[in-house]
Amino acid sequence: MLQSTEIKPGQCFTWEGELYQCLDIQLNKTAMAKMKVKVKVKQPKTGVVKELSLIGSDKVGEAFIDKRPMQYLYDSGDTLVFMDNETYEQLEVQASTMEWEKKFLIPNLEVKVMMYQGETIGITLPDKVEMELVECEPAVAGNTATSATKNAKTETGLEIRVPLFIENGERVLISTADGKYSGRA
């Protein structure tokens with residue numbers, strides 16, 4: 001068991017029979033009251049994000065998540081297909097549970113597939129992904145007094161803002177945390 005005040009962002013735990021992943025935690029202690037713990041969580045199986053209100057003395061169960069390195073192969077419509085790097089077995093994961101992650105999946109990308117009690121609950125993407133720009137607005141002359149940006153679209157359909165000097169067909173790095181331009185590849 002784990003004290004509710006020991007939960008850290010990114011950590012998985014069980015509470016009232018449900019599996020949660022902590023996204024953010026806030027501790028609030030006043031002089032006369034018990035410690036209040038507000039935990040913003042995501043249910044990995046469903047993708048639902050909500051907030052749990054706990055007190056400092058609550059205990060949550062530790063969830064041991066197996067993270068296996070796999071390679072993304074392709075999108076078959078309803079499912080995303082991954083290949084285990086050691087056994088070469090293919091694993092299909094429901095695409096509907098990975099709307100955000102799907103924007104960054106390009107063939108042969110190395111990811112970590114999270115398994116809990118033999119069931120696939122999600123994937124962990126690398127911090128940055130290299131992608132090619134397939135559409136890019138032309139730069140407008142005279143728009144360079146500030147850090148001006150323009151719209152661009154990647155090979156997966158993700159729409160981002162890039163600096164004016166980036167051109168169509170270039171490869172750029174994109175942060176998977178917020179989906180923003182991070183630099184040239």
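Strand 3 (residues 18-28) and strand 4 (residues 36-42) pair in the antiparallel sense over 7 bridges, where strands are DSSP runs of E with at least two residues, numbered from the N terminus, and two strands count as paired if DSSP finds at least two bridges between them. Within this pairing, C22 stands opposite V41 in strand 4. The model is a predicted one, in which local features need pLDDT of at least 70 and side-chain atom pairs count only at pLDDT 80 or more, while totals for chains, interfaces and linings use all residues. Residues are numbered from 1 along each chain as its sequence is written, and side-chain values use heavy atoms, with hydrogens and water left out.

Strands 3 and 4 belong to an open sheet of 6 strands, which follow the order 1-6-2-3-4-5 with antiparallel pairing. At the edges of this sheet are strand 1 (2-3) and strand 5 (49-55), each of which pairs on one side only.

From the sheet we can turn to the aromatic side chains. A pair of aromatic rings is described by the distance of the centres and the angle of the planes. Rings of Phe, Tyr and Trp (its six-membered ring) pair if their centres lie within 6.5 Å, and planes under 30 degrees apart count as stacked, over 60 as edge-to-face and the rest as tilted. Searching the whole structure gives 3 aromatic pairs. One of them joins F13 and Y20, a tilted pair with 6.0 Å from centre to centre and 40 degrees between the planes. F13 is buried, with a relative accessible area of 0%, and Y20 is buried as well, at 4%; here buried means under 20% relative accessible area, exposed over 50%, and partly exposed in between (1.4 Å probe, protein chains only). The rings of W100 and F104 have centres 5.2 Å apart and planes at 65 degrees, so this pair is edge-to-face. In this pair W100 is partly exposed, with a relative accessible area of 33%, whereas F104 is buried at 0%.

The last stop is the largest pocket, a pocket being an open set of points on a 1 Å grid over the protein atoms alone, where a 1.4 Å probe fits, with protein on both sides within 12 Å along at least five of seven lines. The largest pocket is lined by 21 residues (those with an atom within 4 Å of a point), and K42, E101, I123, T124 and L125 lie nearest its centre. Strand 11 gives the most to this lining, with 4 residues.
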